[in-house]
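Please open the structure in your viewer and keep the selection tool at hand. The tour below suggests what to select at each stop and says what is there.

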Amino acid sequence: MPRTSTTRPTRTARTVRTATAVAAALGVLTLSACGAADTGKSQRAGADAKTVTLTVPSWVGAQANTAVAAYLLENELGYEVESKQLGEVLAWDALSKGDVDAILEDWGHPKEEKQYVEEKKTVVKGGDLGVTGHIGWFVPKYFADAHPDVTDWKNLDKYAKDFATAESGGKGQILEGSPDYVTHDDAIIKNLGLDLKTKYAGSEAAQITAIKKYAKEKKPFLTYWWTPQWLNAQVDLVEVQLPPYKEGCDAVPAKVACGYPETPLQKYLNADFAKNGGEAAEFLKNFKWTTEQQNEVALMIADQKLSPEAAAEKWVKDNEATWKTWLPK
């Protein structure tokens with residue numbers, strides 16, 4: 001998320017939650033970021049190239065995309081796939097330079113899109129992922145059932161004492177994920193005059209652990225959260241309605257006083273790779289699945305503790321009719 005903002009799911013909601021552990025689980029190879037000028041010319045691009053480099057975001061839904069794409073590229077199309085875990089803005093820079101061939105889940109980075117897609121033309125759109133993301137503030141359903149008016153932001157101060165913790169200094173706590181996630185929550189709190197304070201769990205995994213603990217003990221809590229996310233099938237959350245998102249209401253980060261938009265998640269390719277990357281580029285452009293399918297793989301990775309490769313293999317074996325349509329004709 002995890003997790004959206006004018007940068008997010010940079011939630012654009014993150015650095016790597018336990019980067020080493022996740023990287024090991026994904027078989028990530030750390031590659032040098034130097035050696036390619038910022039011209040968009042990929043060192044791997046070309047019809048005869050058999051190596052594809054994908055960036056792996058730190059939240060598990062995006063890891064599911066990469067795992068399935070990598071499995072099919074390797075086992076159906078004969079490519080070697082290298083995965084590189086990067087923060088979201090760094091991933092855009094690497095994509096422009098050609099150090100990365102594709103980003104498979106982007107939650108919206110207007111600044112980078114303008115710079116690399118519109119101006120430098122070193123990055124091109126790769127199409128919809130097929131999943132719509134949304135970030136918001138959520139409370140557990142058991143608390144919303146007991147206090148229905150909590151779902152209106154105007155009533156949050158009424159329940160600040162319920163959300164307070166030993167670390168929130170008497171204010172209501174809103175639980176955040178990784179401090180690397182770009183959110184508008186501090187600005188929203190300030191501009192709406194709310195008696196709340198953000199508290200960062202440190203990672204998606206730590207945030208999930210905290211949510212599960214609160215839910216098990218039936219304690220009230222308020223959290224920054226997003227969909228799609230596999231945990232939503234296990235912990236029933238209800239969104240607090242912030243002032244409606246309107247185009248441009250998040251243009252100035254310090255002045256944001258609105259909620260988050262619905263964001264159709266996008267793929268982006270290095271321009272040279274998109275043109276010369278052969279079957280791999282065509283496959284990644286065709287890759288498109290549903291929220292439910294992404295959650296299925298994410299659940300296997302995060303909750304059932306399958307390796308990303310094992311989860312991808314299981315999903316591929318059960319969904320041939322879907323992925324066959326992604327293969328080059």
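**Two helices that cross**

Select helix 2 (residues 60–75) together with helix 11 (residues 291–302), which pack at an angle of about 100 degrees with their axes 8 Å apart. Because angles of 65 to 115 degrees count as roughly perpendicular, those under 35 as roughly parallel, those over 145 as roughly antiparallel and the rest as oblique, helix 2 is roughly perpendicular to helix 11. Now show the side chains of the contact, which is made by V60, G61, A64, N65 and V68 of helix 2 and by Q294, V297, A298, I301 and A302 of helix 11; contact here means heavy atoms within 4.5 Å. By class, these residues divide into seven nonpolar, three polar and no charged, where Ala, Val, Leu, Ile, Met, Phe, Trp, Tyr, Cys and Pro count as nonpolar, Asp, Glu, Lys and Arg as charged, and the others, Gly among them, as polar.

This is a predicted model, in which local features need pLDDT of at least 70 and side-chain atom pairs count only at pLDDT 80 or more, while totals for chains, interfaces and linings use all residues. Residues are numbered from 1 along each chain as its sequence is written, and side-chain values use heavy atoms, with hydrogens and water left out. Helices (H or I, at least four residues) and strands (E, at least two) are DSSP runs, numbered from the N terminus. Axes are lines fitted to C-alpha atoms, for helices over the stretch in contact, and angles run from 0 to 180 degrees between N-to-C directions.

**A second helix pair**

Next select helix 3 and helix 4 (residues 110–119), whose axes are 11 Å apart at an angle of about 0 degrees, which means that helix 3 is roughly parallel to helix 4. Here V89, W92, D93 and S96 in helix 3 meet E112, E113, Y116 and V117 in helix 4, and the residues of this contact divide into four nonpolar, one polar and three charged.

**The disulfide**

Which two cysteines should you select to find the disulfide? They are C249 and C258, with sulfur atoms 2.1 Å apart, and the structure holds one disulfide (a pair of cysteine sulfur atoms within 2.5 Å). The torsion about the S-S bond of C249 and C258 is about 80 degrees, so this disulfide is right-handed.

**Two loops**

Finally, select P228 in the loop between strand 7 (222–227) and strand 8 (237–240), where the peptide bond from T227 to P228 is cis, with omega near 0 degrees. Then move to K218 in the loop between helix 8 (204–216) and strand 7; phi of K218 is near 55 degrees, a positive value in a residue other than glycine.
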